[in-house]
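Let's go through some structural labels together and ask how each one is earned. Please have a look at the sequence and the model first.

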Amino acid sequence: MAVHTELIKPFSDVGIGDIATVGGKNASLGEMVRSLESEGIRVPYGFATTAQAYRQFIESAGLEDRIAELLGEMKSGDRELASTGAEIRQLIMAAELPQELSEAIADAYRDLAVQTGVDEPAVAVRSSATAEDLPNASFAGQQESYLNVQGIANVVRSCQLCIASLFTDRAISYRERNGFDHMRVALSVGVQHMVRSDLAGAGVIFTLDPETGFRDVVYISAGWGLGEMVVKGAITPDEYTVFKPLLDNPEVRPVISRSSGDQAQKMVLGDGLKPTATVNTTKRERRHLVLKDDEVLELARWATRIEKHYGQPMDIEWAKDGVTGDLYIVQARPETVQARREDTGFRTFSLNETGKRLVTGLAIGEAIASGKVRIITGQEDFKQFKEGEVLVTQKTDPDWVPIMRRAAGIVTDRGGRTSHAAIVSREFGLPAIVGCGNATKELANGDEVTLSCAEGDHGAVYEGLLDFAIEDVSLEDVPETRTRITMNIASPAAAFRWWRLPVEGIGLARMEFIVNDSIKVHPMALAHFDSVKDLEARRLIEEITEGYSDKTDFFVDRLAEAVGQIAASQYPHDVILRLSDFKTNEYAQLIGGAQFEHEEENPMLGFRGASRYYNERYRDGFALECRAVKRVRDEVGLTNMVVMVPFCRTPEEADRVLEVMAEHGLKRGENGLRVYVMAEIPSNILLATEFAKRFDGFSIGSNDLTQMVLGVDRDSADLQSLFDEQHEAVKRAVRMLIRDAHAVGVPVGICGEAPSNHPEFAEFLVREGIDSISLSPDSVIAVKRHIAGVEKSLEPVVSVNGIY
């Protein structure tokens, strides 16, 4: 590097302690170059102009007093923001950069050419203000960036344009709103070698789940071409989730979810007249994910190292060079939304009624809001927006922040979880639904709607102003219990949503819920697709499984990813997955299902649970379930997953199920596999010692056990007064099971609804010495407090081996 060290700093000469000199963005890049390149993390070469260079320019051009005067007129109301910013920018661009600074930039650019081996390397020229990208000021993007800049003259001019952008309208508004003194803020310009991601892809990484704050995952978004399309929300990107705790285990590949985005377009380098251009993606690109698993894992490992180095969750931008195939980190800054949330409690939202669903998309946040729709197509419509309306638009950018903060909620046609709309919505605590595709067409100005992000990964806009509930959940002073408290979970989104609860695992994850919500197709219709006769079912299956040559892979992929996320949410605590327990009438409702199911007089007592797994009518479908479970345990590495067999009528049937499972690679005891059985049939109680020889634990299903013990159809309205989970006959069955199972050293838990609905039944279970109680998430805190009180009144109870 040539002289001018007070005006120019190569990234390798700065670190995080130099924010006052080169701004947060450039200081972070330098920190990674200096401290993390030795760990294999690639950061493109570059340099930064200093804050001193900025101040020297403003002083030599005699602009300081005039800028202060214009800003003072704006504050006093004598001048509008737009004219203030425009005049300041014009003043800066009309001034001449000091010769020393121009030469310093030119020299640094020549040095970069030597480093890259290119005569005139293409560079990205980005702003890095001394008040930008700090832990308490995360609104990156207030200033301008310029891509694909080549040649000394163009680089120098782009640097001056960046300096002028310190006074964009949005940057001025941001500093006003956050109390930054305009005249004390300086701007550093970062000049960074362009990664040829236009020939590959780019995106964003969070080192936690951006919606729930779950700390044990890395979230990665990816789009074809330059990363601006992802950041600006112009596309819905691919998404990947990686489980952190297993990243250093070379024997597993902990990618727990992948989803393909909607990417009709990408941004590429321009033809010389314009630095960039937006073009259509190719058919091949639309059919394939941007990243391979090896690349996802490499980025995740880099992200965790960056997070460890900085000591806090991070928001990172990455790019892949399409020429070399190498991955690069191009930005890293602290994540500031979830990291600031206190772990002393959280707020939950739930709809009390339902309405017509108008549009759906990715849910940002977990809240619910309602209001009148206001469609905004551009800044010319801003004056129409009223406080408390629901903002509906194609996408947002930093200029939209003033109206976004006044909205009740935000809905966009395009964008993903790392888009501008998503990030700003989290900052403001607003519910948003992004990537809807057609919201601006389906909704109309003045429509009264309810926007719900409280129903999982996907949010929905409902017709009308629906009633909803808000509950504040306190996690302070929740007592410990000897009885192991777990929870019942129906979906991956719910597992991540409730991760903060003080539980020790998941006592029941229902596979059939996942099949119904995420797969929707009968597994036998996938295993024997060529034999499906229903033409409409064939069409739907083709549509749902697009891109899969083997349709069974679709089932296995979807199930494994959903189950893997649930298992990850409580790792290393046990997560008990109940194998499918659809009844024949329920299976028939799945796409293609009617052909593979027959009508039964009483499906509740019919062809369900264990009896299906070894029967030729479903055996091939069960094989897919086993493949998914085996992948999660053996390939992803989530060996905390326990498998549970439902509705197993006899010990002999148990033998047949275990034999079939072993044929598909799920042999009890291998790789620590434990297999539990539901205790929901009188034979499970009466022959408990025989079942205990075949299974590693019992889990009481209180609904079915009550039905079977009392002979009451739980779905019969006429018999509801007789359906009593606390009936003495049911209690005797529970007491008998706990006694006999403990006698042979096998634990007993309960995953039915009775303990959640009836605290006195939970007290009965504790007094009988049950090992674990699995509750609905919303009842965990109250029931756990109650159980702690019961335990305090009892002599210490030691459960079998202390573990369930």
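Q: Why is Phe382 called buried?
A: Phe382 has a relative accessibility of 15%. Buried means under 20% relative accessible area, exposed over 50%, and partly exposed in between, with a 1.4 Å probe and protein chains only. The value of 15% therefore puts Phe382 in the buried class. Do keep in mind that this is a predicted model, where local features need pLDDT of at least 70 and side-chain atom pairs count only at pLDDT 80 or more, while totals for chains, interfaces and linings use all residues. Residues are numbered from 1 along each chain as its sequence is written, and side-chain values use heavy atoms, leaving out hydrogens and water.

Q: What makes Phe243 and Tyr571 an edge-to-face pair?
A: Rings of Phe, Tyr and Trp (its six-membered ring) pair if their centres lie within 6.5 Å; planes under 30 degrees apart count as stacked, over 60 as edge-to-face and the rest as tilted. Here the centres are 5.2 Å apart and the planes stand at 80°, so edge-to-face is the right label. By this rule there are 11 aromatic pairs.

Q: Which parts of the chain does the pair of Phe243 and Tyr571 link?
A: Phe243 is in strand S8 (residues 238-243), whereas Tyr571 is in the loop between helix H18 (551-569) and strand S25 (575-578), 328 residues apart. Helices (H or I, at least four residues) and strands (E, at least two) are DSSP runs, numbered from the N terminus.

Q: Are Phe243 and Tyr571 buried or exposed?
A: Phe243 has a relative accessible area of 0%, so it is buried. Tyr571 has 26% relative accessibility and is therefore partly exposed.

Q: How do you know that Phe382 and Trp400 form an edge-to-face pair?
A: Their centres are 5.2 Å apart, with 75° between the planes, so both values meet the rule. Phe382 lies in the loop between strand S16 (368-375) and strand S17 (390-393), and Trp400 in the loop between S17 and helix H11 (401-404), so the pair ties together parts 18 residues apart in sequence. Trp400, at 5% relative accessibility, counts as buried.

Q: What makes Arg608 a charge over the ring of Phe647?
A: A charge sits over a ring if NZ of Lys or CZ of Arg is within 6 Å of the ring centre and within 35 degrees of the ring normal. Arg608 lies over the face of Phe647, at 3.8 Å from the ring centre. Likewise, the charged end of Arg612 sits over the ring of Tyr618, 4.7 Å from its centre.

Q: What else can be said of Phe647?
A: Phe647 has a positive phi of about 45° although it is not a glycine. Phe647 is placed in the loop between strand S26 and helix H22, and its relative accessible area of 2% makes it buried.

Q: Why is Cys159 not bonded to Cys162?
A: A disulfide is a pair of cysteine sulfur atoms within 2.5 Å. The sulfur of Cys159 is 6.5 Å from the closest cysteine sulfur, in Cys162, so the distance is too far for a bond. Cys626 is in no disulfide either, as the nearest cysteine sulfur, in Cys648, is 14 Å away. The structure holds 0 disulfides.

Q: How do you know that the span of helix H22 agrees with its number of residues?
A: The expected span of a helix is 1.5 Å times one less than its number of residues. For the 13 residues of H22 (residues 651-663) that gives 18 Å, and the end C-alpha atoms are 19 Å apart, which agrees. Among the buried residues of H22 are Val657, Leu658 and Met661.

Q: Which residues have the most contacts inside the largest nonpolar core?
A: They are Val645, Met661 and Phe698, in a core of 108 residues. A nonpolar core is a set of buried Ala, Val, Leu, Ile, Met, Phe, Trp, Tyr and Cys residues joined through side-chain atoms within 4.5 Å. Helix H18 gives the most to this core, with 10 residues. A second, separate core has 41 residues, including Ala108 and Val156.
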